[in-house]
Structures are given as C-alpha cells and as structure tokens.
Amino acid sequence: MRFALCIAAVLLASRFAHGQIDLEESHVTTSLRGVDTAGTGVAWASGSGGTVLRTEDAGFLWQPCTTPKGAEKLDFRGVQALDGNTAVVMSSGSGELSKIYKTTDGCQTWKLVFTNPDKEGFFDTIRRVGEREFYVLGDPVRGRFVLFVSKDGGESWSGVNDAGLAAEKGDGAFAASNTSLIVSGGTLYFGTGGTGVPHVYARRSSAWSKADVPLASYSTAAGVFSIAARTDAKSTLIAVGGVYSKPDIGAGTAATSVDGGKTWRGADMSPGGYRSGVAYDRDAKVWVAVGTNGTDFSRDDGKTWKPLVPTAADAPDVAKGWNAVALPYVVGAKGRIGRVRPDAFGK
C-alpha cells in the first residue's frame, strides 16, 4: 500500500509539474548562435554550416531553410527577422567570409547583398532599426570599429564615418550571440572586450562616446558579450559577459547602467559564469542571462542574479548549453533550441 501511494504521489506531482524550458526539435546538429522573433509565432534562427531555421507556429515546428548558394561553410552568427517570409542573415569570418544575405520568399531563395570589403575585417553583429534600417558592427580596421548601414531593407550598404569609433589597442567585439549591438530609445550601443578594459559605446547625435564597464577584462576572451535594454525613465541597460574560455568563473559577468550607458555598476551577486546573451521579459518583469554553463535571472535590474534550477519536469541540463536568447527562445550547440515558459522564473 505504501508503495502504491508513493507511485500515485509521483504521478500526481508529474501531472502538475511544469518545465521551465521546453526543448524543441530543430532537425539540425550544427551550433546555433543567432535567433530573432517577428511576432505572431514567427521566429528565425541561424548557425554554422550555412544553417538557417524558421518557425511560423511558435516553435511547434522548426523548418530547415535552403542554404544560400556557396554558403555551406559559412557561420551565420546573426539573423534579423522581419516576418515569416523576410529575414537577413550575417556570417562572421575573416574578410570576405563575413557576408550578408536576404530572403523575401520564406528562405526558399537568398540574395547576397553585402560582402565585407576589408580583408582585415570581421563582422560581429547585425541589428535592425525600424522597418528598413540595419546596422552591422565589425572588429576594428586601421584602429577604428567598423560600422555599416543599410537604409533600404538590407539591399545596399555603406560605411558609417561617425566620430568616436576609435578603438584602443587590443579592443574588439564578440560574435557570440548577435547581441553586442543594440538600439534603445534611438541610441545605438555596442559592447567591447579584449586585452584592455571592456567598454560600452553609445551614439548620440552621430558622435560616439564610451564608458568603462566592470566586467572581466584583460584577456582576448573577456569583456562585454551582450547588451539588453529596458527603456523607461531610467534608461536601464544590462551588459553580460565574462571569460568564454573559462566559463565557470562567476566574477565580472554582469553590470547595470541606469543612466543610458553613461556609467556602469557591477552586480552585487553575479550570474554563475560566462554569459553570452541577455534579454528582458517585459511581461514577467525579469532579466534573463544565458550561457554555456547555466541560465540566471534577475528581478532587481541586475543587482542580484539567481540560477535557474531545473524542475522534475525538465531535462537535467535544460539550463545549460545556450548561446543566444530572443525571448521566448534560446539556442545553443548541436542544434539545441528551447522555448522559455512564461512561468519559468516564478513570481
């Protein structure tokens, strides 16, 4: 009788248990780095080996896209979704390995719209601003961070020659999650790392300024990997990062700005390791940071972070192995895609 009661209790508990991240079938095994949502159940993801995926039903079915011709070996680190038919993808790599493609027919066909003109260049991230405007950030060339803009929906591109894009020796940006460049309240921001102090650059009136960020530093593998914003009276931003070659180091992995990126303060209780992506959930009023060794969340604008602990209904490693986040989706290595549940972080 006692055994039967135990079994009944377990079955009852599992019946009402809710997982935090629902793992979804991607039908691919390549590393995924880019993910973006377009509303009404539409989302796109991208990764190595020329991989692009699309869902039109909120993740119930992810459809592998046709690979752009000649892109079979490219690493698509970034994707920006306009709708179910239209998206732009960016590959990262030295020189001409950095390319941008566009589809307007649901990824049946692709058009190559831009190739990095700098042999020493390297695209890090692509960001859409409004319906027709896009920006691409690249590592420094001849001592300056490289920025390209398209104002016709990604069809044509030109260089941005703003003042203030000079890079310090050893500076660079990271192509880990396509979120090191963002726009908030009309201001462009991007984060850097490298052998010096990490910075966040901000563009106001076509001129850039930069601020020191107290994240892990002085290593080619350290710095700011992702930025997210919650636009309000305080213009709150959060930057996450750390040391990607030493993902278990928990110090210097998150910082917050409440003045639009002018000054930054490190977290009192940081995420538990290197984090490559961060996003804000407006409905749940929670920040979410993802990384290879775990997922964390914050309800106090990044002052303190708590780890996401899997429930009995989750896979044991459900919080680990993620590269990028565009809520409610997270993507990672070996074709891993998850959908974060609305109640994943409690109240």
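Let me begin with what I will call an aromatic pair: two rings of Phe, Tyr or Trp, taking the six-membered ring of Trp, whose centres lie within 6.5 Å, with planes under 30 degrees apart counted as stacked, over 60 as edge-to-face and the rest as tilted. Please keep in mind throughout that this is a predicted model. By that rule, the count for this structure comes to 18 aromatic pairs.

Take Phe76 and Tyr101 as an example, where the ring centres are 5.8 Å apart and the planes meet at 80°, and because that angle is over 60 the pair is edge-to-face. Phe76 belongs to strand E6, residues 76-81, while Tyr101 belongs to strand E8, residues 99-103, so this pair ties together parts that are 25 residues apart in sequence. Are these two residues buried or exposed? Phe76 has a relative accessible area of 0% and is buried, and Tyr101, at 5% relative accessibility, counts as buried as well.

Another pair, formed by Tyr280 and Trp287, is tilted, with 4.7 Å from centre to centre and 50° between the planes. Tyr280 and Trp287 are both buried. There is also an aromatic cluster, made up of Phe114, Phe123, Phe134, Phe148 and Trp157.

Tyr280 brings me to the pocket. The largest pocket in the model has a volume of about 920 Å³, and among its 32 lining residues the closest to the centre are Thr37, Ala279, Tyr280, Ala326 and Leu327. Several strands give two or more residues to this lining, including E2 (32-39), E10 (123-129), E20 (219-230) and E28 (322-326). Which strand gives the most to the lining? That is E24, with four residues. Sorted by class, the lining of the largest pocket holds 17 nonpolar, seven polar and eight charged residues.

Now to the backbone, where a general expectation helps: most residues other than glycine have a negative phi, and most peptide bonds are trans. Leu327, which I have just named among the residues closest to the pocket centre, is joined to Pro328 by a cis peptide bond, with omega near 15°. Pro328 itself is found in the loop between E28 and strand E29, residues 329-332.

Two residues that are not glycine have a positive phi that I would like to point out. Ala58, in the loop between strand E4 (51-55) and strand E5 (63-64), has a phi near 60°, and with a relative accessible area of 28% Ala58 is partly exposed. Lys285 has a positive phi of about 55° and sits in the loop between E24 and strand E25, residues 286-291. With a relative accessible area of 56%, over the 50% cut-off, Lys285 is therefore exposed.

Strand E25 leads on to the nonpolar core. The largest such core has 15 residues, and those with the most contacts inside it are Ile21, Val290, Val330, Val340 and Phe345. E25 and E28 each supply at least two residues of this core, and the largest share, three residues, comes from E25. What does Ile21 touch, leaving aside residues up to four places away in sequence? Its contacts are Leu308, Asp314, Val318, Trp322, Val330, Gly338, Arg339 and Val340. Of these, Val330 and Val340 are also listed with Ile21 among the core residues with the most contacts.

To bring the threads together, Tyr280 takes part in a tilted aromatic pair and is one of the residues closest to the centre of the largest pocket, while E28 gives residues both to the pocket lining and to the largest nonpolar core.

Key
Residues numbered from 1 in each chain as written. Predicted model: local features only at pLDDT ≥ 70, side-chain atom pairs only at ≥ 80, totals over all residues. Heavy atoms only, no water. 1 Å grid on protein atoms, 1.4 Å probe; cavity = no way out; pocket = protein on both sides within 12 Å on 5 of 7 lines; lining within 4 Å. Points joined across faces, edges and corners; volume = space filled by probe spheres on them. Nonpolar A, V, L, I, M, F, W, Y, C, P; charged D, E, K, R; others polar. Buried < 20%, exposed > 50% of the residue type's maximum accessible area, 1.4 Å probe, protein only. Core = buried A, V, L, I, M, F, W, Y, C linked by side-chain atoms within 4.5 Å. Contact = heavy atoms within 4.5 Å.
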